[in-house]
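Student: Hey, can you walk me through this structure? I'm new to this, so plain words please.

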Number of protein chains: 2
Amino acid sequence: MNYILKDENSIYYECGYSCDNAIYISLGNDRFFITDGRYTIDAKQSIKNATVVTHRDIYQKAVDIINATKVKKIMFDPKEWSVYGFDKISSKIKAKLKPSIDFSHHKRVIKSDKEIELIKKAVKLGERAFKNLAQSIREDGFGMDEYALTYKAKSILADFGRYDLSFEPIVAIDENAAKPHATPTKKVLKKHNLLLVDAGLKYKRYCSDRTRTVSADKYMTFDTHQKFKSKKIQKAYDTVLKAHDKAISKARSGMKAKKIDALARDVIEKAGFGEFFVHSTGHGVGLDIHEMPYISSKNDMIIEDGMVYTIEPGIYIPDEFGIRIEDMVVMDNGKAVVL
Amino acid sequence: MNYILKDENSIYYECGYSCDNAIYISLGNDRFFITDGRYTIDAKQSIKNATVVTHRDIYQKAVDIINATKVKKIMFDPKEWSVYGFDKISSKIKAKLKPSIDFSHHKRVIKSDKEIELIKKAVKLGERAFKNLAQSIREDGFGMDEYALTYKAKSILADFGRYDLSFEPIVAIDENAAKPHATPTKKVLKKHNLLLVDAGLKYKRYCSDRTRTVSADKYMTFDTHQKFKSKKIQKAYDTVLKAHDKAISKARSGMKAKKIDALARDVIEKAGFGEFFVHSTGHGVGLDIHEMPYISSKNDMIIEDGMVYTIEPGIYIPDEFGIRIEDMVVMDNGKAVVL
């Protein structure tokens, strides 16, 4: 199989190294990592299974390498390539570039034991960060606005600069949590507010992802046992938690992804909140924070052992509140094991 | 002029808001910001000069908006669009998409007074971070390896989570600094090592960028007066500083970019280090860390008042050492003013 890659994570998966100006080509048994002179030394030190080639114009070098062979078809992912980069190569080679959407993601969907270890480590670091964040909020978080709380979450998640974040954390209070991708406002945290935190970090490039929704008071923790003053919020919370638990306990290897989505969705629909669960139940996590398998109502992909994904049902009542509970699982011996 | 944008910074420049799933379309006097439901509330709160439209499939919505008009030509930048996204639109619209490389960057090359204020603030915060980093290294940096020093630099640059970084900082000792884009190694900082730090942060999305190369000892600072024990290093350092100072003092609005590159390059060539200055003299800085104007030996762009760019000559002796000194300037009243 001949293929050409541009995405940093796709390239990293192939050869254990990537940088912001690289092309990776696999032609028969030959593999080439093309970059510019800034990265030559590092690339050569890190890459053992491909020839490192450096050139000022990586596109031209790719053209030269391809045209030096008799290869007729080369696979590419249209999502990885800019129109600009694609044209620079496709207009100058004799071979045909054949689109194959997400083919690197398909290769990556079953995680190796080593990858699962790295993801576990990222998840454990994330879990510890949530504990530290809870303590920090108990100490001085009340009276802070969402901007300051987001800053606090970022600092603690990153362990003050040691780790990259998987994404910009979401820290949302009460009605702001009704936006699944809330950005901070000047709303200030007070006792008994609802507080939603969605955050993760990277360990050796592998991502973690976790969401908790809690009743904020001086004893608050991010565990899943939460008591809210509002009965409506409590009912929604209990429903989300039940949906979360059910999807995790009933998910099996061999099921379609949409069946796992339905496990969670049915609980929420039966409780009368169906219209307020406005997104999919989960998504795969690995080198990318969002990758296959997508646990959505339309996805027929068969879930298999070694897949890693989130279970994150939610209920969002506009202008009132939002609740989401998210954990990552790995399929192991046919079942979903929480990481 | 009709155009369609996909890049986050290009879109932010038009309407003061962007997110990771958006398309911006300008058709005659009508402007549309298309995103999905996760961002509706935030987008509507932030965007005053365009109609916010939300749809699950932003590409399909763009098609519908374009096909509802009689527009015949729409400009796009092939660097902003994936082959995937481009095909989803171009295959379904009656209008022709006309490529125009970097057209948003051309619009952004002259900064407004407000933009210059934001960039100045980013630069001042970066300058303060370098001071704090020097103090921190004096206190406990000796004996740390490049990984730990990079972590220290990131924490201090980000003010422990408050600011995003412009890019992954470079912290390199002695021969590792010979790689213009060095990544960390286990090399440990000792007294009288050469230490190169290249780092910047973002203030309200605008970037800063700064490099200093210093002789590390217990009195070290990141100012440009440096004394090295090695005569060869000192000669190279003095040459780079002279090239840096000359380019800044002699740069004028109306010059071609390549003339400014030559101001620095001539100094280095005359000192006999020409072959070791392996990159361009500088690059523009704004919403993107690398943007126009590129201060390179091949660029005929005329430098004008309001342009902001780096001056960063360097000398890199493989396996021995590397030196780079970088500041940002704004062209003001015909001259380059250090920010």
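Tutor: Sure, let's begin with a strand pair: S7(A) and strand S8 (residues 194–199) of chain A pair in the antiparallel sense over 4 bridges. Strands here are DSSP runs of E with at least two residues, helices are runs of H or I with at least four, and both are numbered from the N terminus. Two strands count as paired if DSSP finds at least two bridges between them.

Student: Before we go on, what kind of model is this, and how do the numbers and letters work?

Tutor: It's a predicted model, where local features need pLDDT of at least 70, side-chain atom pairs count only at pLDDT 80 or more, and totals for chains, interfaces and linings use all residues. Residues are numbered from 1 along each chain as its sequence is written, chains are lettered from A and ligands numbered from 1 in the order in which they are written, and side-chain values use heavy atoms, with hydrogens and water left out.

Student: Ok, back to the pair. What is the bridge partner of Ile170(A) in S8(A)?

Tutor: Asp198(A) is the partner of Ile170(A) there.

Student: And what holds strands together in general?

Tutor: Strands of a sheet pair through backbone hydrogen bonds, in a parallel or an antiparallel way.

Student: Which strands form the open sheet in chain A, and in what order?

Tutor: The order is S7-S8-S11, so to speak a row of 3 strands with antiparallel pairing. Strand S7 (170–173) and strand S11 (210–215) of chain A stand at the edges with a single partner strand each, so one side of each has no neighbour in the sheet. On average, neighbouring strands in this sheet are turned by 10 degrees against each other, direction ignored.

Student: What lies across that sheet's S8 and S11?

Tutor: Helix H6 (residues 113–140) of chain A lies across S8 and S11 of chain A, at about 25 degrees to S11(A). Angles like that run from 0 to 180 degrees between N-to-C directions, with axes fitted as lines to C-alpha atoms, for helices over the stretch in contact. Contact means heavy atoms within 4.5 Å.

Student: Where is Asp174(A) found?

Tutor: Asp174(A) is in the loop between S7 and S8 of chain A. Its phi is near 45 degrees, a positive value in a residue other than glycine.

Student: Switching to chain B. What do S2(B) and S3(B) form?

Tutor: They form a hairpin with 2 residues between them, and Gly28(B) in the turn has a positive phi of about 60 degrees. Strand S2 (residues 22–27) and strand S3 (residues 30–35) of chain B pair in the antiparallel sense over 6 bridges. Within that pair, Ser26(B) has Arg31(B) in S3(B) as its bridge partner.

Student: In what sense do S3(B) and S4 of chain B pair, parallel or antiparallel?

Tutor: Parallel, over 4 bridges, with strand S4 covering residues 51–54 of chain B. Phe32(B) stands opposite Thr51(B) in S4(B).

Student: New topic: what joins Met292(A) and Pro293(A)?

Tutor: A cis peptide bond, with omega about 0 degrees. Pro293(A) lies in strand S13 (residues 291–295) of chain A. In chain B, a cis peptide bond likewise joins Met292(B) and Pro293(B), with omega about 0 degrees.

Student: How do chain A and chain B relate, then?

Tutor: A rotation of 180 degrees with 0.0 Å of shift along its axis superposes chain A on chain B, with an RMSD of 0.0 Å. That is the relation of a two-fold axis. The copies are superposed by least squares on C-alpha atoms of residues with pLDDT of at least 70 in both.

Student: Which residue of chain A comes closest to the rotation axis?

Tutor: Ser82(A), whose C-alpha is at 2.1 Å. The same surface serves both copies, as 100% of the contact residues of chain A recur in chain B.

Student: Last thing: which element gives the largest share of the lining of the largest cavity?

Tutor: H6(B), with 3 residues. The lining residues include Val123(B), Gly126(B) and Glu127(B). On a 1 Å grid over the protein atoms alone, a cavity is a set of points where a 1.4 Å probe fits but cannot get out, and lining residues have an atom within 4 Å of a point.

Notes
1 Å grid on protein atoms, 1.4 Å probe; cavity = no way out; pocket = protein on both sides within 12 Å on 5 of 7 lines; lining within 4 Å.
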